[in-house]
Amino acid sequence: MKPIPLLTILLAVFYIIGCDKQEEATPNKVVPHQIETLNLNPLKNTYEYLVNVLASDSLNGRWTHETGIDRTEKFVIKQISEIGLQELPRYKSFKDGFKVVSTDFETLTINLNNQPASPERIIITPQSPQAQISLNQINRVVYFSPTTTLKEQVTSLHNTSVAGQNYLVLVPLALQESFQEFKSYFPALGAFVPNTIRYAAGYPIRYGYNNIIYVLSDTKMVETFTGSFKLKEEALNNVVAVIPGKSKPNEYVIFSAHMDHLGMARSGTDRIYNGANDNASGTAAVITLAKYFKEQNLNERTLLFVLFNAEEKGLLGSKSFVNAFPDKSAIKAVFNIDMIGNISPYGAGKAFLSGHSRSTLQSIMNKNLQPINTLINNEPAGYDLFARSDNYPFAQAQIPAHTITTFNSADRLYHTVADEISTLDLHSAFTVVKTIAQSSYSIIKGTDEPKMTN
Ligand SMILES: [Zn+2]
């Protein structure tokens, strides 16, 4: 896709290889640290088995708020315990628990003109997870027109409403059908994430900005009003396992991927978002790498294998993990893996690094890749993936953290129910798994330490 940057790297690497040869020919020069060639080929079947299970219909699209994610979590924990990985004391039973605020209400009471409104007739886009609002705190009462579409009126209010204000919107019964349609999108949002705007079939939904309370009612005059609500809290887990480092046990290298996906569509013949590429392919990679490194006993630094939850909800699992991690400066590098099952713009088996110029990780990876004559490529211009996966909360904490991916902007299956195992190129994906292992060599050995560059 972007031949010029690729050519630039190739030329750079040929130049480096050329220099190495000159150095070898010169006596009295220090021999560079030997980079061993790692052989993961015996684990190809393991990788393919894992992707198949993780992408199967039985996990119901691995939706964070339903049973599919619980089954996924159990499967992942079973795999890593069978491999013989250890748990860290603060992640009991391999679980890193955290809480998210759901978009479901734990309590919801609206009284309009001394009549309680039934929950089916109420929609709220809240500013905070709970509030009590009386009529004198309502900044504006809005009466929607029965002759303009609900979508137009919601959009116009969304575009003009002010942060921090409270709006009470009376939606006439003539718009009941659209009202129910609008309301049906809320459970799918899953979690209350402040300052996010989502568009559900064209309806703008903004959380953490102001309180907009829609009530389905033909009332033409609001005389009394009280409203109170509280959103539910939900307990979720990331999965974390460890291989202690031999000589640098207090320095960490993380291999991570998100295990959650989008769950089930509301209708259609195929309703399951299998997320084979996004991100069964990466989750399976992390477990495969764990198995390989456990067997090889190579690592001088401690390796953490982390499977994040609620990535699709706004990187919630990784944000929580980073916030709670006691010694962030002890994390030396994060290899996050997201979507490696399709063919990247660089071709089969060729991955790239999101935000490659943000740290020195790419150059260390490419040095380690010399023995197998491959490269981790630049992120194609305009992709802007650095902030879109679980590496980002680490990078915000000044930890060199990137995502390795084969994402392709021409991929029409992304976030559709058609992201199925049959569409993946597992040979290419496994080539990327091997590339990741090899690229991490000097980092897990403790001889290189990437630094942030900006
Ligand atoms: Zn995704």
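Begin the tour by selecting asparagine 113, which counts as partly exposed because its relative accessibility is 22%. Keep in mind as you look around that this is a predicted model. Asparagine 113 sits in the loop between β1 (95–112) and β2 (115–116). Check its backbone too: phi is near 50°, a positive value in a residue other than glycine. Most residues other than glycine have a negative phi.

For a companion to that stop, jump to asparagine 373. Here again phi is positive, at about 55°, although the residue is not a glycine. You will find asparagine 373 in the loop between α9 (361–369) and β15 (377–378). With a relative accessibility of 69%, asparagine 373 counts as exposed.

**Zoom out**

Now show the whole chain as a cartoon. Its secondary structure comes to 12 helices and 16 strands. The C-alpha trace spans about 95 × 45 × 40 Å along its principal axes. Of the 454 residues, 53% count as buried.

**The zinc site**

Next, select the zinc ion and show the side chains around it. Which protein atoms act as its donors? They are Asp278 (OD), His415 (NE2) and Glu312, which appears twice through OE atoms. These donors lie 1.9 to 2.6 Å from the zinc ion. Try drawing the angles at the metal: the 4 donor atoms subtend 54 to 150°, and that makes the arrangement irregular. A tetrahedral label would need all angles to lie between 85 and 135 degrees.

Along the sequence, the donor residues follow the spacing D-x33-E-x102-H. Aspartate 278 belongs to helix α7 (residues 276–296), while glutamate 312 is in the loop between β12 (301–308) and α8 (316–324), so this pair, 34 residues apart, links distant parts of the chain. Switch on a surface and look at how much of each is covered: aspartate 278 is buried, at 2% relative accessible area, and glutamate 312 is buried as well, at 13%.

Stay with aspartate 278 for a moment and follow the backbone to asparagine 279. The peptide bond between them is cis, with omega near 5°. Most peptide bonds are trans. Asparagine 279 is also placed in helix α7.

**A salt-bridge network**

The structure holds 8 salt bridges. To see some of them, select arginine 301, which counts as buried at 2% relative accessibility. One partner of arginine 301 is glutamate 251, with the closest N and O atoms 2.7 Å apart. Glutamate 251 lies in strand β11 (residues 248–258) and arginine 301 in strand β12, so their bridge ties together parts that are 50 residues apart in sequence.

Now turn to glutamate 449, whose side chain meets that of arginine 301 in a salt bridge of 3.7 Å, N to O. Because glutamate 449 lies in the segment after α12 (441–444) and arginine 301 in strand β12, this pair connects parts that are 148 residues apart in sequence. Is glutamate 449 buried, partly exposed or exposed? At 33% relative accessibility, glutamate 449 counts as partly exposed.

Glutamate 449 also forms a salt bridge with lysine 332, where the closest N and O atoms are 3.3 Å apart. Lysine 332 is in strand β13 (residues 331–337) and glutamate 449 in the segment after α12, so this bridge ties together parts that are 117 residues apart in sequence. Lysine 332 counts as buried, at 13% relative accessibility. To finish this stop, select Glu251, Arg301, Lys332, Glu449 and Lys451 together: salt bridges that share partners join them into one network.

**Two sides of a helix**

Move to helix α4 (residues 150–160) and color it by accessibility. Leu150, Gln153, Val154, Leu157 and His158 are buried. These residues cover an arc of only 135° around the axis, which puts them on the same side of α4. Rotate to the other side of α4 and you meet Glu152, Asn159 and Thr160, which are exposed.

**Last stops on the surface**

Select Val141, Tyr143 and Met221, which form a nonpolar patch on the surface with about 270 Å² of accessible area together. Within this patch, valine 141 is in strand β5 (residues 140–143) and is partly exposed, at 31% relative accessible area.

Finally, visit asparagine 195 in the loop between α6 (186–189) and β7 (196–200). Asparagine 195 counts as exposed, at 64% relative accessibility. Draw a distance from its C-alpha atom to that of arginine 206: the two are separated by 7.0 Å, and they are 11 residues apart along the chain.

How values were computed
Residues numbered from 1 in each chain as written. Predicted model: local features only at pLDDT ≥ 70, side-chain atom pairs only at ≥ 80, totals over all residues. Heavy atoms only, no water. Donors = N, O, S within 2.8 Å, 3.2 Å for Na, K, Ca; no water. Tetrahedral: all angles 85-135°; square planar, octahedral: opposite > 155°, others 65-115°. Helix = DSSP H or I, 4+ residues; strand = E, 2+ residues; numbered from the N terminus. Buried < 20%, exposed > 50% of the residue type's maximum accessible area, 1.4 Å probe, protein only. Patch = residues over 30% accessible without salt bridge, like charges linked within 9 Å, V, L, I, M, F, W, Y side chains within 5 Å. Areas by Shrake-Rupley, 256 points an atom, 1.4 Å probe, with all protein chains shown as cover. Salt bridge = Lys/Arg side-chain N within 4 Å of Asp/Glu carboxyl O. Arc of directions from axis to C-beta.
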